[in-house]
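Biologist: Please take a close look at one part of this model, the largest pocket. What surrounds the space, and which kinds of residue line it?

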Amino acid sequence: MSVTDPIADMLTRIRNALMARHDSVIVPTSKTKEAIARLLKDEQYISSYELLRTATPQRAIRIQLSYKEDGAPSIEGLKRISKPGLRVYVQHGEIPRVFGGLGIAIISTSQGIMTGTQAWRNKTGGELLCYVW
């Protein structure tokens, strides 16, 4: 089954697994999804991720979700911004701050996928993929 928006599919799988209080979620992988998972781990929204070998040619990535001490998920919200039907691009000065700096914006730049603050420090813009808070 083909997916029109693979990044939105990944975010939806993570959101659904968090609502169901799962420990991990398995997502079909790509370089973009792997870079997003790396950013989520670096920003401590997830505990870890690992690439899985499957019987099919399509590889998968297992994302270990993290929860706070009171049982609440570390990720309170995920929102896809740039979609296949309407791409959203931002310049260096237009990079948004998510909830006043409490969340992150994930941006695809010419130097790779990075958070909004990293893109701002590098003085580069790009495609605004999603918000995580």
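Modeller: Helices and strands are DSSP runs, of at least four residues (H or I) for a helix and at least two (E) for a strand, numbered from the N terminus. With these names in place, the pocket can be described; please bear in mind that the model is predicted.

The largest pocket holds about 280 Å³ of space. Its lining is made up of 16 residues, and those closest to the centre are I95, P96, R97, G116 and T117. Two elements, β6 (104-109) and α3 (116-121), each provide at least two residues of this lining. The largest share comes from α3, with 4 residues. Sorted by class, the lining comprises 6 nonpolar, 7 polar and 3 charged residues.

A helix contact may be set beside this lining. Two packed helices are described by the angle between their axes and the distance between the axes. Here, helix α1 (residues 6-19) packs with helix α2 (residues 31-42) at about 40 degrees, and their axes are 10 Å apart. The two helices are therefore oblique to each other, and α1 passes α2 in a right-handed crossing. On α1 the contact is made by P6, I7, M10 and I14, and on α2 by T32, K33, I36, A37 and L40. The residues of this contact divide into 7 nonpolar, 1 polar and 1 charged.

Definitions and conventions
Residues numbered from 1 in each chain as written. Predicted model: local features only at pLDDT ≥ 70, side-chain atom pairs only at ≥ 80, totals over all residues. Heavy atoms only, no water. Axes fitted to C-alpha atoms, helices over the stretch in contact; angles between N-to-C directions. Parallel < 35°, antiparallel > 145°, perpendicular 65-115°, else oblique. Left-handed = near helix turned anticlockwise from the far one by under 90°. Contact = heavy atoms within 4.5 Å. Nonpolar A, V, L, I, M, F, W, Y, C, P; charged D, E, K, R; others polar. 1 Å grid on protein atoms, 1.4 Å probe; cavity = no way out; pocket = protein on both sides within 12 Å on 5 of 7 lines; lining within 4 Å. Points joined across faces, edges and corners; volume = space filled by probe spheres on them.
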